[in-house]
Amino acid sequence: MTTAEILRAKYDNAILLSLDQLAEILHRSPDALRIGLNEGGEIASIINPCKVRIGRRLYFRLLDIAKVIDEDKA
(Lines give C-alpha, C1' and ligand atoms only; values in the text may rest on other atoms or scores of the structure.)
Protein backbone atom coordinates (compact mmCIF):
# COMPACT_ATOMS: atom_id res chain seq x y z
CA MET A 1 0.00 0.00 0.00
CA THR A 2 1.15 3.51 -0.73
CA THR A 3 1.23 6.25 1.86
CA ALA A 4 -1.75 7.94 0.21
CA GLU A 5 -3.78 4.70 0.36
CA ILE A 6 -2.92 4.23 4.03
CA LEU A 7 -3.96 7.79 4.88
CA ARG A 8 -7.17 7.51 2.86
CA ALA A 9 -8.08 4.27 4.62
CA LYS A 10 -7.41 5.81 8.03
CA TYR A 11 -9.41 8.98 7.32
CA ASP A 12 -12.42 7.47 5.44
CA ASN A 13 -11.35 8.35 1.88
CA ALA A 14 -10.79 12.00 2.76
CA ILE A 15 -9.33 14.31 0.16
CA LEU A 16 -8.45 17.01 2.68
CA LEU A 17 -7.00 16.68 6.17
CA SER A 18 -7.78 18.99 9.05
CA LEU A 19 -5.03 20.56 11.13
CA ASP A 20 -5.80 18.10 13.94
CA GLN A 21 -5.48 15.12 11.58
CA LEU A 22 -2.20 16.43 10.15
CA ALA A 23 -0.86 17.00 13.66
CA GLU A 24 -1.73 13.39 14.52
CA ILE A 25 0.13 12.14 11.43
CA LEU A 26 3.20 14.23 12.27
CA HIS A 27 3.07 13.32 15.99
CA ARG A 28 2.76 16.96 17.06
CA SER A 29 0.16 18.81 19.03
CA PRO A 30 -2.21 20.93 16.91
CA ASP A 31 -0.99 24.09 18.66
CA ALA A 32 2.68 23.27 18.00
CA LEU A 33 1.93 22.57 14.35
CA ARG A 34 -0.06 25.79 13.99
CA ILE A 35 2.79 27.81 15.52
CA GLY A 36 5.37 26.07 13.32
CA LEU A 37 3.40 26.81 10.17
CA ASN A 38 2.94 30.47 11.09
CA GLU A 39 6.52 31.15 12.17
CA GLY A 40 8.10 29.96 8.95
CA GLY A 41 11.10 27.71 8.80
CA GLU A 42 11.63 24.31 7.25
CA ILE A 43 8.33 22.69 8.24
CA ALA A 44 6.35 25.69 7.01
CA SER A 45 8.13 25.75 3.64
CA ILE A 46 7.30 22.07 3.14
CA ILE A 47 3.72 21.96 4.47
CA ASN A 48 2.33 25.41 3.56
CA PRO A 49 2.11 24.67 -0.19
CA CYS A 50 -0.32 21.85 0.72
CA LYS A 51 -2.71 24.28 2.47
CA VAL A 52 -6.25 24.99 1.34
CA ARG A 53 -8.50 27.52 3.04
CA ILE A 54 -12.24 26.98 2.92
CA GLY A 55 -13.80 29.95 4.61
CA ARG A 56 -11.96 30.33 7.89
CA ARG A 57 -11.03 26.66 8.08
CA LEU A 58 -7.60 25.35 7.18
CA TYR A 59 -7.13 22.02 5.41
CA PHE A 60 -4.26 20.18 3.78
CA ARG A 61 -4.39 18.11 0.57
CA LEU A 62 -3.99 14.44 1.50
CA LEU A 63 -2.12 13.51 -1.68
CA ASP A 64 0.37 16.37 -1.22
CA ILE A 65 0.99 15.37 2.40
CA ALA A 66 1.53 11.76 1.30
CA LYS A 67 4.10 12.96 -1.26
CA VAL A 68 5.90 14.99 1.41
CA ILE A 69 6.04 11.93 3.67
CA ASP A 70 7.30 9.72 0.84
CA GLU A 71 10.00 12.25 -0.13
CA ASP A 72 11.17 12.35 3.48
CA LYS A 73 11.58 8.56 3.49
CA ALA A 74 13.83 8.65 0.41
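In what order do the three strands of the open sheet stand, and is their pairing parallel or antiparallel? Before I answer, please keep in mind that what we have in front of us is a predicted model. The three strands form an open sheet in the order β1-β3-β2, and the pairing is antiparallel. As a general reminder, strands of a sheet pair through backbone hydrogen bonds, and they may do so in parallel or antiparallel fashion.

The edges of this sheet are taken by β1, residues 16-18, and β2, residues 51-54, and because each has a single partner strand, one side of each is left without a neighbour in the sheet. From one strand to the next, the twist averages 40 degrees. If we look at the pairing of β1 with β3, which covers residues 57-61, we find three bridges joining these antiparallel strands, and within that pairing Ser18 has Tyr59 of β3 as its bridge partner.

Let me now turn from the sheet to the largest pocket, which has a volume of about 180 Å³. Which residues line the largest pocket? They are Leu26, Glu42, Ile43, Ile46, Ile47, Val68, Ile69 and Asp72, and the elements that contribute two or more residues to this lining are α4, residues 42-47, and α5, residues 62-73. Of the elements involved, α4 gives the most to the lining, with four residues. As for the chemical character of the lining of the largest pocket, six of its residues are nonpolar and two are charged, while no polar residue is found there.

Conventions:
Residues are numbered from 1 along each chain as its sequence is written. This is a predicted model: local features need pLDDT of at least 70, side-chain atom pairs count only at pLDDT 80 or more; totals for chains, interfaces and linings use all residues. Side-chain values use heavy atoms; hydrogens and water are left out. On a 1 Å grid over the protein atoms alone, a cavity is a set of points where a 1.4 Å probe fits but cannot get out, and a pocket is an open set with protein on both sides within 12 Å along at least five of seven lines; lining residues have an atom within 4 Å of a point. Grid points are joined across faces, edges and corners, and a volume is the space filled by probe spheres set on the points. Ala, Val, Leu, Ile, Met, Phe, Trp, Tyr, Cys and Pro count as nonpolar, Asp, Glu, Lys and Arg as charged, and the others, Gly among them, as polar. Two strands pair if DSSP finds at least two bridges between them. Axes are lines fitted to C-alpha atoms, for helices over the stretch in contact, and angles run from 0 to 180 degrees between N-to-C directions.
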